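Subject: Structure handover

Hello,

Here is the structure I promised to pass on. Please open it alongside this message; my notes follow below.

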Amino acid sequence: MKADFRSDTVTQPTAAMRQAMSQAPVGDDVYGDDPTVNRLEAMAAEMLGFDAALFTSSGTQANLLALMSHCERGDEYICGQDAHNYRFEGGGAAVLGSIQPQPLLNQADGTIALGDIEAAIKPDDVHYARTRLLSLENTIGGKVLPMDYLAEAQALAFNRGLKIHLDGARLVNAAVALNKPMAEIAGHFDSVSLCLSKGLCAPVGSLLLGDDRLIHKARRWRKMLGGGMRQAGILAAAGIIALESQWQRLTEDHDNAALLGRELSMIEGFEVNTASIQTNMVFARVAEHIDIKRIAAELASQGFIISPSKNLRLVTHNDISRDAVLAFVAALKSAL
Ligand SMILES: *Cc1c(COP(=O)(O)O)cnc(C)c1O
């Protein structure tokens, strides 16, 4: 038995994806000629309720394009201290966009307190960067933002003249967990980024969604950043399958994460808040006396891969079955 719990980015493309990729009609997408890319973009825009969509090489690129299209040089965006587009994207907004981040504390449920956002919006004064955008993330650390919070954040942004962006790398997990269409979540935002290459199993690619004006700007920045791809329909073909028929099975990943969390919580030395497992991520605090590096090496020799840490993160996905979860738990117990 093999299972890689490091991330849902390790998922292999499905057989249907490889089949579709081998037969996809393609053209030069920089000329707008790739029918498969065009189909993916139109389909995503329709599904999420936006004018337009843009196929990007990665989620990082989609977020960067959103920031650079909403903001100008000397503007700032408000985001969570734990936000991917603050912590894990190389400072791209600052490096490439001359855009300043204003990170704020994330609460335990992943939200940013509305009062904190209000207080961080800068007055119109030459001393300050211009606050232009509020950026939220959903899911964040596997947690789903409450729907009423989204409505409140949207109203705050509107009333204060800010645009509002969603890093929805795992928006589909949030939608599946809430049993709501993605459009219902996406409808609270001016732009949304979405990863096809995580739990949805596509090998490469993300999407940025927004109105025509925003996507037009983003397309220009994408070309400048070297993201204008040619016969990209080969990749988009897998993305179409991801959006059509991969999201339905994410409930299985969520069920497997809940199972894994329950099992782990019963092992001495692993502290798990099972109530906080809402999607496909399990977090465990590992006791001091456990040598997690040694355990990880022993598990790896049996085909189970984890990123060793005292704050362990385990992610379930398409290539981890229920049986694999149970086999992993048994292997962990014997390694201990
Ligand atoms: C993975 C991820 C991204 C970036 O996606 P890449 O395709 O890895 O660049 C952005 N935001 C969040 C929340 C993510 O989990």
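**Notes on the model**

The side chain of Thr316 comes within 2.7 Å of the backbone oxygen of Asp253. Keep in mind that this is a predicted model. Thr316 sits in the loop between S12 and helix H14 (322–335). Its relative accessibility is 0%. Thr316 is therefore buried, as the limit for that class is under 20%.

**A second threonine**

Thr279 also has a side-chain contact to a backbone oxygen. Its partner is Gly142, and the distance is 2.7 Å. Thr279 belongs to the loop between strand S9 (270–272) and strand S10 (281–286). Buried or exposed? Thr279 is buried, because its relative accessible area is 0%. One separation to note here: Thr279 and Ile295 are 16 residues apart along the chain, and their C-alpha atoms are 25 Å apart.

**The ligand site**

Which pocket does the ligand take? The space it fills is the largest pocket. The residues around the ligand are these:

- Ser58, Gly59, Thr60 and Asn63
- His84, Glu89 and Glu137
- Asp167, Ala169 and Arg170
- Cys195 and Lys198

By class, the shell holds two nonpolar, five polar and five charged residues. Which element gives the most to this shell? Helix H3 (residues 59–70) does, with three residues.

Three polar distances to the ligand are worth having to hand:

- Thr60: a polar side-chain atom lies 2.6 Å from a ligand oxygen.
- Asp167: an N or O atom of the side chain is 2.6 Å from a ligand nitrogen.
- His84: an N or O atom of the side chain is 3.5 Å from a ligand nitrogen.

How much of the ligand does the protein bury? Taken alone, the ligand exposes 380 Å². The protein buries 83% of that.

**Backbone geometry**

A general point comes before the next three residues. Most peptide bonds are trans, and most residues other than glycine have a negative phi.

Now the bond from Asn138 to Thr139. This peptide bond is cis, with omega near 0°. Thr139 is in the loop between strand S5 (130–137) and helix H7 (147–159).

Next, Asn179. Its phi is near 55°, a positive value, and the residue is not a glycine. Asn179 lies in the loop between helix H8 (171–178) and helix H9 (182–186). Its relative accessibility is 69%. Asn179 therefore counts as exposed, since that class begins over 50%.

Then Cys201. Here phi is positive as well, at about 80°, and again the residue is not a glycine. Cys201 is placed in the loop between strand S7 (191–195) and strand S8 (206–210). Cys201 is buried, because its relative accessible area is 0%.

**Sequence separation and space**

Three pairs remain. Distances are C-alpha to C-alpha.

Gln12 and Leu200 come first on my list. They are 188 residues apart along the chain, and their C-alpha atoms are separated by 9.8 Å. Gln12 is in the loop between strand S1 (3–4) and helix H1 (15–23). With a relative accessibility of 46%, Gln12 counts as partly exposed.

Gln246 pairs with Leu196. The sequence gap is 50 residues, and the C-alpha distance is 9.7 Å. Gln246 is part of helix H11 (residues 233–246). Is Gln246 buried or exposed? Gln246 is buried, because its relative accessible area is 9%, and the limit is under 20%.

Lys310 pairs with Ala287. They are 23 residues apart in sequence and 7.3 Å apart in space, C-alpha to C-alpha. Lys310 is found in the loop between strand S11 (304–305) and strand S12 (311–315). Its relative accessible area is 23%. Lys310 is therefore partly exposed, as this value falls between the 20% and 50% limits.

Over to you.

Best wishes

Key
Residues are numbered from 1 along each chain as its sequence is written. This is a predicted model: local features need pLDDT of at least 70, side-chain atom pairs count only at pLDDT 80 or more; totals for chains, interfaces and linings use all residues. Side-chain values use heavy atoms; hydrogens and water are left out. A residue is near a molecule or strand if one of its heavy atoms lies within 4 Å of it. A polar contact is a pair of N or O atoms within 3.5 Å; within protein, one must be able to donate a hydrogen and the other to accept it, and residues adjacent in sequence count only if both atoms are side-chain atoms. Accessible areas come from the Shrake-Rupley method with a 1.4 Å probe; for residues, only the protein chains shown count as cover. On a 1 Å grid over the protein atoms alone, a cavity is a set of points where a 1.4 Å probe fits but cannot get out, and a pocket is an open set with protein on both sides within 12 Å along at least five of seven lines; lining residues have an atom within 4 Å of a point. A molecule sits in a cavity or pocket if more than half of its atoms lie within 2 Å of its grid points. Helices (H or I, at least four residues) and strands (E, at least two) are DSSP runs, numbered from the N terminus. Ala, Val, Leu, Ile, Met, Phe, Trp, Tyr, Cys and Pro count as nonpolar, Asp, Glu, Lys and Arg as charged, and the others, Gly among them, as polar. Buried means under 20% relative accessible area, exposed over 50%, partly exposed in between (1.4 Å probe, protein chains only).
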